[in-house]
Amino acid sequence: MPYIANTEEDRREMLDAIGCASMEALRAAAGVNLPPPALDNIPEGRSEFEVSRHLERLAGRNATTLVNFLGAGYYDHLIPAAVDALAGMPEFYTAYTPYQPEASQGTLQAIFEYQSAICRLTGMEVANASLYDGGTALFEAMMMAIRITRRRRAVISEAVSPIFRRMIRCYCGNLDIELIEVASGVDDSAQAELLAAADENTACVLVQYPNFFGTLEEWSAFTAALRERGILSVVSSYPMALALVKTPGEMGFDIVTGEGQSLGIPLEFGGPYLGFMAVRQKWMRKMPGRVVGRAHDHAGRDGFVLTLQAREQHIKREGATSNICSNENYCALRALIYLSLLGRRGLVEAAELCAANALFARGELLKIRGVKPVGGNAFFNEFIVELPLDAGEVAGRMIDRGFAAGFPLGRYYPERTGQLLVAVTGKRTREEMKQFAAAMEAVLWN
Amino acid sequence: MELIFDAGRPGRRGVRLPEMSVPKQTAIPESLRRTEAARMPEVSELDVVRHFTTLAHRNFCVDSHFYPLGSCTMKYNPKFHEKIAALSGFADLHPLLPQLRHGGALTQGALAVLYESQAILAELTGFAECTMQPMAGAHGELTGVMLIAAYHRSRNDAARRVMLIPDAAHGTNPASAATAGYECRVVATDGNGNVDLDDLDAKLGPDVAGFMLTCPNTLGLFDPNVTEITRRVHACGALAYCDGANFNAIIGRVRPGDLGFDVMHVNLHKTFATPHGGGGPGSGPVAVAEFLRRFLPVSRVTKRSDGTYSLEYDFPDSIGYIAPFYGNFGVILKAYAYMLTVGREGFPRVSDNAVLNANYILSKLRDAYPPKYDRYCMHECVLSAAHLAESYHIHALDIAKGLIERGFHPPTIYFPLIVPEALMIEPTECESRETLDAFIAAMLELAAEAQRAPEELHAAPRNTPIGRLDETAAARKPELSV
């Protein structure tokens, strides 16, 4: 049996020391008097070599050679090899939550640096140590606003990821919270309608920047109007875009969240991902999740500790700011290493590469007869094209030509069946984009 | 130690990116441009590698240290799991592919991993079906409680607003119940470390939706009344939730589904040997009895009669979407590899050796650190430093710091809350007897030092990069970023 050190002799001697004649006797002494289950449907154990071969075969049944223009919040970005190498050091990934600071300064300092990086990227003052993903981060932000304002109503734009919206609806299933969804256009998230829907009983308005359709908007006047009425503004943002665009902090948002997958985390069929959250200083003690702060020892040396723990479940129990226990530490570490490797100029260049590729790819697609623009005045690396055929059908046929062509919006927006949401990252070459447009033209007109 | 932001110098570059092959134009209007680049580090690739390698060396971890953190099951994380998870066929797979027409055919390998691991987990826990979606243990608790709520809602039983929770429970239990909209009511532990049945009866009633019980409990003890408890909970119309944080103690030997529980979460990062990641990601699948299946989150992975796998969404009673996709797939994949390696005959050996190791430690340390409930334990033992605190002002915290100085990661301390000066020790089945003996010797030495030279212990640890930090000052004037 692998991963168990005890030999038969060890077991015998240890049972002697314990004062039990056998394992059966020990279990009975511990109060377990049940017949063993059959477990008939569980296969017999195999060696790592056999299990590896099985799993390699399964991996081979997944298509990862498709040229990827599919995003919708989850992107196929370049990831430097050093991210894997460093985050893959066992000192990081085989440790746990840094409860003992003297034995965990590596993890603690990394979280402090991660929090700093998130603040710098979002233009905010305080960040937590991470949450599960972008969807749960947005839900936690909504609950935080509800706690702060003591109001039970939230307004959410339909231009927020439908994946996040259905999660939030699910979490509200047993809560006394009124969730108002406001229809949105592509070019702006219906800011006027959102403001109109937010009344004196509203805790917060949830929006996305860039929105789900890829559109970048100015939100400053919007957040100011909400602030005047004591309503919190909450945004879900795309960190790679934040390298180039005006920060949510500058636009006046109270709570900034987002999916951090684009920061050096592989797609991995849906997770693990990274939920980030940053807030204004004044909301610091209302924030959910682990937080690391700087501290000093008796000799005056700098160190880092988990802090503000009085907000958390292990102390506050049902009164905690969240039920979350750990963070998504391995993914937060990857994000920090990624941001460090790219650095101040590299991050801007990586984002510019995405944005320039996207503009070029859009131009190529719009040259095709019958392909029309939808919105597209201001976007980062994702945009919509209207196709002369059902976009789901086209995406299906593009797979046969080796492309994940984008996300057909009809799945979540029934009025948009002809629309395809296309994402382009720095990984795509000019040649791939040309081939993509040629394949699209062939699918549409051959 | 220097922060990464203080390393390097202006203008220094790290990773080189591909040349831009298209015109250098974007669709970002000037008015929406960032005025100043985000102040990320300006360092070389080697600077980054040195920095994080140095940080890594400032951690204790399972690969380098005995890490008996109670309730966390810090078992060995097999190396081949990492290699599997890095395969491009898994790591580079876009989660939205199955939503494209014909896309399901392109993810059959990944769907097989999800389906087969949920089937094995259902068998091990004794339930009808599992969802692999919850992204951590606490997220599994929330999901489980939401399933209980959906059940009562389906019966138009709106009066059940209370979740019962033992006083010994993890803080996540009441916090998860509250996140799902429940009030919490505490059930006492009796003098033997079991649920106080009289108190349970007193707290049960028509307003109770469920009872969340950790099995074995957080004292590391198997409650011999567990089937009686689930019977009484059912008799009052409530459901029985099993917190599976301690599943490693009984895996292959006892199935919570056979004990009368209705819903349970399992922590893959504990029982199924996936890395704890320095604090996540975890994975907290939820298993349910037959009558709760219809409420499970969507999507659900199913196997067709032709042997292919598909994602199904059409379940009108489902609570909905608790995760963006199918759960923390990368974690589930490693747990699946573990399930296949350990296998049918291996699981009982896992729990047997976990229980044996914990009882061995208990037998050697129960005189020096008398447990509040002195009986045979399961996979962990909860000792106490209460007498050292009273006589010598040596607290559980001081013992923990003394262990760090001696090269051991400390156990969980001050939990469960009902045990004063608690030291919760979980060795796992992976540790050798030599390691356990070395730890036992260190603990005995510390108990002796507490009497002989308590001031030495108050100064521990003295051989770490930093000494004890002033946490109170840090919380009073928090500095959370630079």
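**Exercise 1. Two cis peptide bonds**

Task: State which two strands of chain B flank the loop that holds Ser299(B). Then find the form of the peptide bond from Val298(B) to Ser299(B), and describe the bond that joins Cys215(B) and Pro216(B).

Solution:
1. Ser299(B) sits in the loop between β7 (286-288) and β8 (300-303) of chain B. The model is predicted.
2. Look at omega for the bond from Val298(B) to Ser299(B): the value is near -5°, and the bond is cis.
3. Now take Cys215(B) and Pro216(B). Their peptide bond is also cis, with omega about -10°.
4. Pro216(B) belongs to the loop between β4 and α8 of chain B.
5. Set this against the general pattern: most peptide bonds are trans.

**Exercise 2. Positive phi, buried or exposed**

Task: For Ser130(A), give phi and decide whether the residue is buried or exposed. Do so again for Arg150(A), with its phi and its accessibility.

Solution:
1. Phi of Ser130(A) is near 115°, a positive value in a residue that is not glycine.
2. Ser130(A) lies in the loop between β2 (126-127) and α7 (134-149) of chain A.
3. The relative accessibility of Ser130(A) is 0%. The cut-off for buried is under 20%. Therefore Ser130(A) counts as buried.
4. Arg150(A) has phi near 55°, again positive in a non-glycine residue.
5. Arg150(A) is in the loop between α7 and β3 (153-157) of chain A.
6. The relative accessibility of Arg150(A) is 75%. Exposed means over 50%, so Arg150(A) counts as exposed.

**Exercise 3. Two loop residues of chain B**

Task: Explain why Val254(B) counts as buried and list its contacts beyond four places in sequence. Treat Asn217(B) likewise, with its accessibility and its contacts.

Solution:
1. Val254(B) is in the loop between β5 (239-244) and β6 (263-266) of chain B.
2. Val254(B) counts as buried because its relative accessibility is 3%.
3. Beyond four places in sequence, Val254(B) contacts Leu124(B), Phe247(B) and Leu259(B) in chain B, plus Val32(A), Leu34(A) and Pro37(A) in chain A.
4. Gly126(B) is 128 residues from Val254(B) along the chain, with 8.7 Å between their C-alpha atoms.
5. Asn217(B) lies in the loop between β4 (208-214) and α8 (226-235) of chain B.
6. At 10% relative accessibility, Asn217(B) counts as buried.
7. Beyond four places in sequence, Asn217(B) touches Gly193(B), Asn246(B) and Glu380(B).

**Exercise 4. Domains of chain B**

Task: Describe how domain 1 and domain 2 of chain B meet.

Solution:
1. Set the bounds: domain 1 covers 84-341 and domain 2 covers 346-463.
2. Their C-alpha centres lie 30 Å apart.
3. Count the residues in contact: 29 in domain 1 and 21 in domain 2.
4. The buried area between these domains of chain B is about 2000 Å², with 62% from carbon and sulfur atoms.
5. On the domain 1 side, Leu219(B), Asn248(B) and Ala249(B) lose the most area, together 26% of what that side buries.

**Exercise 5. The two chains together**

Task: Describe the interface between chain B and chain A by its contacts and its buried area.

Solution:
1. Contacts link 202 residues of chain B with 193 residues of chain A.
2. The area buried between the chains is about 17000 Å²; carbon and sulfur atoms give 63%.
3. Within chain B, Arg34(B), Arg344(B) and Leu480(B) lose the most area to chain A, together 5% of what that side buries.

Technical notes: Residues are numbered from 1 along each chain as its sequence is written. Chains are lettered from A and ligands numbered from 1 in the order in which they are written. This is a predicted model: local features need pLDDT of at least 70, side-chain atom pairs count only at pLDDT 80 or more; totals for chains, interfaces and linings use all residues. Side-chain values use heavy atoms; hydrogens and water are left out. Domain bounds come from an automatic or database domain assignment. Contact means heavy atoms within 4.5 Å. Buried area is the accessible area (1.4 Å probe) that two parts lose on being put together, summed over both. Helices (H or I, at least four residues) and strands (E, at least two) are DSSP runs, numbered from the N terminus. Buried means under 20% relative accessible area, exposed over 50%, partly exposed in between (1.4 Å probe, protein chains only).
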